[in-house]
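Please look through the model below with two topics in mind: the packing of one helix, and the lining of one pocket.

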Amino acid sequence: MQRRESVTTADVARAAMVSKATAARVLSGRGSASEEARERVLRAAETLGYVPNELAKAMSIGVTNTIGVVIPDIANPFFASVVRGISDRLRSKGIEIIISNTDNDPQVEARALRLLAAKRVDGLVLAPVIPGPSKVAADLSDKGLPMVLLDRRTEGLEAIPLVSLDHAATARLATRHLLTLGHERIAILTEVPELALHQPNPSGGIHRPAALRLWGHVSALRDAGIDLDPGLVLGADYDQQSAAQAVRSGLPRTGATALFCTDSVLTSGAYRGIAALGIRLPDQLSFIGFDDQDWTTMVTPAVTVMAQPPKKLGDAAADVLLRRVEEPEVPVEDTIFQGELLVRGSTRPLGAKSPRAGVRGSSQPTELVEESS
């Protein structure tokens with residue numbers, strides 16, 4: 001691609017018949033110049049189509065009024081909503097964001113971080129690739145680039161403030177709801193089924209959100225005096241088709257009366273699997289999903305979900321980062337939010353029947369899920 005030659009300060013100075021120093025003072029808005037020289041420089045700049053070199057200007061004053069946002073999946077409604085919150089908060093303060101999508105690929109993340117640092121962003125919001133560590137992020141933080149972590153922390157980034165959901169407590173609330181309804185054989189659909197018998201301790205170490213949610217589920221069972229049955233743990237990749245297949249092949253053999261899904265992608269895939277099996281919600285199965293996605297209120301019955309507060313998360317990430325930019329020496333603590341249980345028609349006390357229970361296997365619910373994915 002041919003590079004367009006840009007108009008320089010020297011070009012403007014020649015056209016205005018003034019010195020380069022005078023043209024630079026006028027174009028930067030700093031320093032003095034006669035009114036006549038000022039008018040000539042501005043007229044020449046407009047005629048030539050002069051565009052200021054923002055990077056050079058930023059290097060001279062140390063501020064670009066831009067923030068980098070690096071996330072694993074911009075197509076995920078959760079991350080899209082959080083990024084919108086970050087953008088709205090920062091734009092109200094005259095700051096714009098540059099977004100990079102990593103697809104949870106560490107090499108893509110490393111390139112994105114280096115590129116944003118080269119562009120002299122004033123700070124970074126990072127949802128790091130899991131599992132870590134993120135050496136580039138750690139190096140940039142050590143060199144003084146203000147940073148805040150979103151949703152998860154990885155090895156080497158312990159000193160960076162985190163803005164996140166309390167993943168374990170939110171999952172625990174979902175499972176307690178099902179237990180309160182009389183369900184004891186509760187299946188869980190997770191990305192980390194291998195951790196079913198080796199739950200992490202959320203008070204120590206660094207763990208991905210999926211692991212913490214699994215731990216929350218298990219801890220709720222244990223509080224109720226119920227040991228985890230490994231046969232009730234269904235594993236799937238972070239993919240709708242994988243989740244749908246895991247439910248179709250695995251759920252019928254569990255004898256489960258309820259199913260809890262640990263993230264939004266698995267929730268929508270699991271719903272498709274339930275539809276394919278022809279299972280009626282909530283008569284034959286109580287179902288709790290994760291994240292308050294639009295489609296969950298467009299189906300019958302509407303889906304009970306554990307909701308995260310994406311706008312609050314975005315606002316908090318922006319605010320914490322601005323504090324880091326303005327007062328880099330002041331320690332900033334983590335900001336942790338609680339999830340909210342939104343009870344709808346897909347969960348019901350064990351044994352209760354409803355004449356309006358939804359029938360799965362029809363084409364309508366499946367189409368709704370696909371359109372909203």
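What follows takes the helix and then the pocket, and the model throughout is a predicted one.

Helix 10 spans residues 240–250, and its buried residues are Q240, A243, A244, A246, V247 and G250. Because these residues cover an arc of only 160° around the axis, they fall on the same side of helix 10. The partners against which the buried residues of helix 10 pack are three strands, namely strand 6 (186–190), strand 7 (233–235) and strand 8 (258–261), together with helix 11 (264–277).

At the start of helix 10, a side-chain oxygen of D239 comes to within 3.0 Å of the backbone nitrogen of Q241. Q240, which lies in helix 10, has a relative accessibility of 16% and therefore counts as buried, the cut-off for that class being under 20%. The side chain of Q240 also makes a polar contact, at 3.0 Å, with the side chain of R272.

The second topic is the largest pocket, which holds about 420 Å³ of space. Its lining is made up of 23 residues, and those closest to the centre of the pocket are F79, R152, E191, Y238 and D263. Two elements, helix 5 (77–91) and helix 9 (209–223), give two or more residues to this lining, and helix 9 contributes the largest share, with 3 residues. Sorted by class, the lining of the largest pocket comprises 9 charged, 8 nonpolar and 6 polar residues.

Technical notes. Residues numbered from 1 in each chain as written. Predicted model: local features only at pLDDT ≥ 70, side-chain atom pairs only at ≥ 80, totals over all residues. Heavy atoms only, no water. Buried < 20%, exposed > 50% of the residue type's maximum accessible area, 1.4 Å probe, protein only. Helix = DSSP H or I, 4+ residues; strand = E, 2+ residues; numbered from the N terminus. Arc of directions from axis to C-beta. Contact = heavy atoms within 4.5 Å. Polar contact = N/O pair within 3.5 Å; in protein donor to acceptor, adjacent residues only side chain to side chain. 1 Å grid on protein atoms, 1.4 Å probe; cavity = no way out; pocket = protein on both sides within 12 Å on 5 of 7 lines; lining within 4 Å. Points joined across faces, edges and corners; volume = space filled by probe spheres on them. Nonpolar A, V, L, I, M, F, W, Y, C, P; charged D, E, K, R; others polar.
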